[in-house]
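Trainee: Could we go through this model together? I would like to learn how each label is earned.
Mentor: Gladly! Let's have a look at it.

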Amino acid sequence: MAMERANLLNMAKLSIKGLIESALSFGRTLDSDYPPLQQFFVVMEHCLKHGLKGKDKSFLGFNKSLWGPLELVEKLCPEAAEISASVRDLPGLKTPLGRARAWLRLALMQKRLADYLRLLITRKDLLSDFYENSALMLEEEGAVIVGLLVGLNVIDANLCVKGEDLDSQVGVIDFSMYLKNDIDDYRSEERNSQIASILDQKNYLAIAKNNIIKLQEENQQLRSENSLILLKTQQHLELTQGDVSVERDTYKQSRQGLDEMYNEVRRQLKEECQLRQDVENELVVQVSMKQEMELAMKLLEKDIHEKQDTLIGLRQQLDEVKAINVEMYQKMQSSDEEMKKKNDVISRLEEKTNQITATMKQLEQSDKDLLSQTRTLAMSFVKCASTDTEHQYKLVKDISF
């Protein structure tokens, strides 16, 4: 890749140097048929194609993606947008390679080719999407070639891009142009002088023909415009005169009607003013009523909020009462169960009490029987064992107790 870059750099130096020298010796505006200029574009095409990524080549070996890097220039320099737009609008270009060739020719005619390419090589971050790392546009050789292109600003070129077939041209470098001897140089000078004279005659005839055609067209256009203006002026004058007479008659006839209309409109204006005053008064009443309604709505909202707060408090109290009722119900159920248990105990106690009472009655009865028997025995014992009355009485008393 380094050898290729060096060869392309040398070819660019020879091409640019030969083009400048031949153009200065030629002393005329260069056109598309000038051989050194054609070879310059071929060399520049090879330099720009060097190291392109994703090459899409046809059977002739031409790169079709060369238009991509050149299209970036309009983003870096707004002045180049005109060239890019002109290239896109050319009807005869169908391939990206043809657009790239047209762009190079337009940039050279604008004498901004070196400036555009200098902006392009400074943005290596953008060029890396199109070129490989070892491409000429990303290395030092690209900057050298851009510096050499500054010398082309002394050349005036008038290239016809529109009618030229740039899509199918074969870009082959003619090395014989750079390997000439003295005889070839002398013949080349003679041929260049002949070509110069022919081109001068051709340019003179073309310019004269174009000027004659333009003058004829302008003359014909001026004549048609003059006749049209004259006809329009006459028609306008006739229409104006008729309109003036009609307007005069109409003014006279309609003046009275206008006065009546004025009076009617004035009366309607007064009525409208009165109606407007009434509407304004009604509007004031409506505004006051609206304010009162807003105040009433605010009071109503306040009352509603207070009632809502009260309702919330009552709901809370109701919830508390419900909780108390549930608690009392639960306690009542528990107390009912305890009462049932106590009633059962009382009933059992009453049965036992009745049993004990019956038993006590039986014991009292048996005690009475025993006491009566004891008294009887005591009385009989007293009669038998003692004769003392006091002693008997005391003994009976003791026994009775």
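Trainee: What makes aspartate 115 and arginine 112 a salt bridge?
Mentor: First, keep in mind that this is a predicted model. The closest N and O atoms of aspartate 115 and arginine 112 are 2.9 Å apart. A salt bridge needs a side-chain nitrogen of Lys or Arg within 4 Å of a carboxyl oxygen of Asp or Glu, so this pair qualifies.

Trainee: Which residue forms a salt bridge with glutamate 79?
Mentor: Arginine 112 again, with the closest N and O atoms 2.5 Å apart. This pair links distant parts of the chain: glutamate 79 sits in the loop between helix H4 (73–76) and helix H5 (81–89), while arginine 112 sits in the loop between H6 and H7, 33 residues apart. Glu79, Arg112, Asp115 and Arg118 are linked in a network of salt bridges.

Trainee: Why is arginine 112 called partly exposed?
Mentor: Its relative accessible area is 23%. Buried means under 20% and exposed means over 50%, so arginine 112 belongs in between. Aspartate 115, at 27%, is partly exposed by this rule, and glutamate 79, at 44%, is partly exposed as well.

Trainee: How do you know that lysine 307 and aspartate 303 form a salt bridge?
Mentor: Their closest N and O atoms are 3.8 Å apart. The limit is 4 Å, so the pair counts. Both residues lie in helix H10, four residues apart, which is about one turn of the helix. Lysine 307 has 54% relative accessibility and counts as exposed, whereas aspartate 303, at 32%, is partly exposed.

Trainee: How many salt bridges are there by this rule?
Mentor: The count comes to 15.

Trainee: What else is on the surface of H10?
Mentor: Look at isoleucine 304, which has its place in helix H10 (residues 182–385). Together with Met297 and Leu300, Ile304 forms a nonpolar patch on the surface, with about 260 Å² of accessible area together.

Trainee: What makes isoleucine 304 fit for a patch, and is it partly exposed or buried?
Mentor: Isoleucine 304 has 37% relative accessibility, so it counts as partly exposed. Patch residues need over 30% relative accessible area, so isoleucine 304 passes that test.

Trainee: Now the inside, please. Why is arginine 5 called buried?
Mentor: Arginine 5 has a relative accessible area of 11%. The cut-off for buried is under 20%, so the label follows. This residue is in helix H1 (residues 2–26). Leaving out residues up to four places away in sequence, arginine 5 touches His50, Ser134, Ala135, Leu136, Glu139 and Glu141.

Trainee: Why is H2 described as largely enclosed by the rest of the structure?
Mentor: Twelve of its 15 residues are buried, so the description fits. Among them are Phe40, Phe41, Val42 and Val43, and also Glu45 and Lys49. The cover over the buried residues of H2 includes H1, helix H3 (67–71), helix H6 (96–109), helix H7 (113–122) and helix H9 (140–149).

Trainee: How does the span of helix H2 compare with what is expected?
Mentor: Helix H2 (residues 35–49) reaches 21 Å from its first C-alpha to its last, close to the 21 Å expected at 1.5 Å a residue. Just after H2, glycine 51 takes a positive phi of about 80°.

Trainee: How many disulfides does the structure hold?
Mentor: Zero. A disulfide is a covalent bond between the sulfur atoms of two cysteines. To be counted, a pair of cysteine sulfur atoms must lie within 2.5 Å.

Trainee: Is cysteine 77 buried or exposed?
Mentor: Cysteine 77 has a relative accessible area of 8%, which is under 20%, so it is buried. Cysteine 273, at 46%, is partly exposed.

Trainee: To finish, how many helices and strands are there in the chain?
Mentor: There are eleven helices and zero strands. Buried residues make up 22% of the 401 residues. The chain exposes about 29,300 Å², and carbon and sulfur atoms supply 56% of that area. Of the contacts with a separation of 6 or more, 71% come from residues 24 or more positions apart.

Note on methods: Residues numbered from 1 in each chain as written. Predicted model: local features only at pLDDT ≥ 70, side-chain atom pairs only at ≥ 80, totals over all residues. Heavy atoms only, no water. Patch = residues over 30% accessible without salt bridge, like charges linked within 9 Å, V, L, I, M, F, W, Y side chains within 5 Å. Areas by Shrake-Rupley, 256 points an atom, 1.4 Å probe, with all protein chains shown as cover. Helix = DSSP H or I, 4+ residues; strand = E, 2+ residues; numbered from the N terminus. Buried < 20%, exposed > 50% of the residue type's maximum accessible area, 1.4 Å probe, protein only. Contact = heavy atoms within 4.5 Å. Expected span 1.5 Å × (residues − 1).
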